[in-house]
Amino acid sequence: MRIDVHKLADEAQFNRFHALVLFWGVLILVLDGYDLAVVGAAMPSIMKDMNVDASQAGFMASSALFGMMIGSMTMGVLADKIGRPLMISLCVGLFSVFTAAAGLTSDPVTFSITRFLAGLGIGGVVPGITAQMAEFAPTKLRARLVTIVFAGYSIGGVLVALTGKQLILEHGWQSVFFLAITPVVLIPFILKTMPESLPTLIKKGRTEEIRKIVGKILPERQFTGKEEFVVPHEDEVTSAPVSHLFSEGRAFSTLMIWTAFFMGLFMVYALSSWLTKLMAMAGYSLGSALNFVLVFNIGAICGAVGGGWLGDKYNIKHVLVIFYLLGAISLTLMGFTQSTELLFVVVFVVGASTLGTQLLAYAYAGEFYPTSIRATGVGFASGVGRMGAIIAPVLIGFVVAMKLPLEQNFMVIGAAGLLGTLAVTLINHRLCASTHHYDAAKDENV
């Protein structure tokens, strides 16, 4: 008897098995978000301790972004080849060990090297986690569960904001880096309890493991041991996943997904680097500016979860188009809003429609590509998007240096939202893997 394992997963009811996959996804991205945000909290102390100027500090901070760009692409491909739990564990080890190692450094070059190596893991874990949640999540909950996982990023950033200042004051900047070593204790538990991708198990002929996983996905169903587990042809593991991003008519849509990620991460990192400064230019104190940052992150979490709910209820592509457009409009409004109370509302919407939009874009990319190339697809989109993250702080720095009217600074960032809107609009949604799944058990050619 043939059984299409992905059809079973798509139609399953959320249970303890899904909760375990969700738990690992959220926890790992909370830790990932902490390791990414920790430099921002510690940088003033690092600059003083290492006696570096702002330009050197910028290079030190961006070294992790270069690592993330490379890690997203390489680790995503490897996750589709050698297995996701193993690759996710490797990435957790990388970002934990080398973030902690950064606390042992005393010069900017060594610090940058350790942050680059940590960045390989910080960026590399994302495609594997996205693919993992997207594969096992029931179709009716998929976008919501993926965006909840990515909300862990913002939670990690909030943890740094809540604990970093006190730790640095009492124990030095090194303490917040040393704390990052603790996730290595989770690696054995990840390897033991995180399920392997079903196409990978099918390719390797590990039928007993497949039966155990399927039994957890559908605990109410009895299996005889005589089943033949299959997946659709497009979900079969291949030896050249990168080339498949451009096969079967996906080439143009893949480029548009990359463009959307570039624009989304451009907006996010332009704001994360310059929001405090732009608020100061508008006449707000540092304390008020930091309150805006907090509201921005709360908006991002609400936008991600709300966008995921809308994406499950309606066409996720249409929801994403609206979110990118809303980001462009709300960013433009920031430069023209005079009332402080109203500005907090606008900043909340900006957080929901920039960082929240980017998290929803991860969910869409996870749905667009077949399981066999999902981690690769998300990894390359994230890697190309990191170029926008690297360029944004520099470009907006030039714009700020031009001393243009405040509203024009926000309009420049908002323009990326318009380009992202156009890119998503041009994606051929008919190619989205989640829209045309058929029952492989009925295909005699499987």
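User: Hi! Is valine 347 buried or exposed?
Analyst: Valine 347 is buried, and its relative accessible area is 1%. One thing to keep in mind as we go: this is a predicted model.

User: Thanks! Which helix is valine 347 in?
Analyst: Valine 347 sits in helix α15, which covers residues 340–353.

User: And how far apart are the C-alpha atoms of valine 347 and aspartate 32?
Analyst: Their C-alpha atoms are separated by 25 Å, and along the chain the two residues are 315 residues apart.

User: Let's try glycine 379. Where is that one?
Analyst: Glycine 379 lies in helix α17, residues 374–401. With a relative accessible area of 0%, glycine 379 counts as buried, because buried means under 20%.

User: What separates the C-alpha atoms of glycine 379 and alanine 79?
Analyst: A distance of 9.7 Å, although glycine 379 and alanine 79 are 300 residues apart along the chain.

User: What about serine 112, buried or exposed?
Analyst: Serine 112 is buried as well, at 7% relative accessibility. You'll find serine 112 in helix α5, residues 108–136. Its C-alpha atom is 5.0 Å from that of methionine 60, a residue 52 positions away along the chain.

User: Now a charged one: where does aspartate 35 sit, and is it buried or exposed?
Analyst: Aspartate 35 is in helix α2. At 1% relative accessibility, aspartate 35 is buried. The C-alpha atoms of aspartate 35 and serine 96 are separated by 7.7 Å, with their positions 61 residues apart along the chain.

User: Since you mention α2, at what angle do α2 and α6 pack?
Analyst: About 35 degrees, and the axes of α2 and α6 are 6 Å apart. Helix α6 covers residues 142–171. The crossing of α2 past α6 is right-handed.

User: Which classes of residue make up that contact between α2 and α6?
Analyst: The contact of α2 with α6 has 19 nonpolar residues, 7 polar and 1 charged.

User: Changing topic: how many residues are in the largest nonpolar core?
Analyst: There are 116 residues in the largest nonpolar core, and Ile28, Val125 and Met334 touch the most other members. Helix α12, residues 251–281, gives the largest share of this core, with 15 residues.

User: What's in the second, separate core?
Analyst: That core has 18 residues, including Ala42, Val160, Ile168 and Val176.

User: Last topic, pockets. What volume does the second largest pocket have?
Analyst: The second largest pocket has a volume of about 290 Å³. Two or more lining residues come from each of α2 (16–50), α8 (187–193), α9 (198–204) and α10 (207–217).

User: Which element gives the largest share of that lining?
Analyst: The largest share of the lining of the second largest pocket comes from α10, with 4 residues.

User: And which residues lie nearest the centre of the second largest pocket?
Analyst: Met194, Pro195, Glu196, Glu209 and Ile213 lie nearest its centre, out of 15 residues that line the pocket.

User: How do the lining residues of the second largest pocket divide by class?
Analyst: They divide into 7 nonpolar, 7 charged and 1 polar.

How values were computed
Residues are numbered from 1 along each chain as its sequence is written. This is a predicted model: local features need pLDDT of at least 70, side-chain atom pairs count only at pLDDT 80 or more; totals for chains, interfaces and linings use all residues. Side-chain values use heavy atoms; hydrogens and water are left out. On a 1 Å grid over the protein atoms alone, a cavity is a set of points where a 1.4 Å probe fits but cannot get out, and a pocket is an open set with protein on both sides within 12 Å along at least five of seven lines; lining residues have an atom within 4 Å of a point. Grid points are joined across faces, edges and corners, and a volume is the space filled by probe spheres set on the points. Ala, Val, Leu, Ile, Met, Phe, Trp, Tyr, Cys and Pro count as nonpolar, Asp, Glu, Lys and Arg as charged, and the others, Gly among them, as polar. Axes are lines fitted to C-alpha atoms, for helices over the stretch in contact, and angles run from 0 to 180 degrees between N-to-C directions. A crossing is left-handed if the near helix is turned anticlockwise from the far one by less than a right angle, and right-handed if clockwise. A nonpolar core is a set of buried Ala, Val, Leu, Ile, Met, Phe, Trp, Tyr and Cys residues joined through side-chain atoms within 4.5 Å. Buried means under 20% relative accessible area, exposed over 50%, partly exposed in between (1.4 Å probe, protein chains only).
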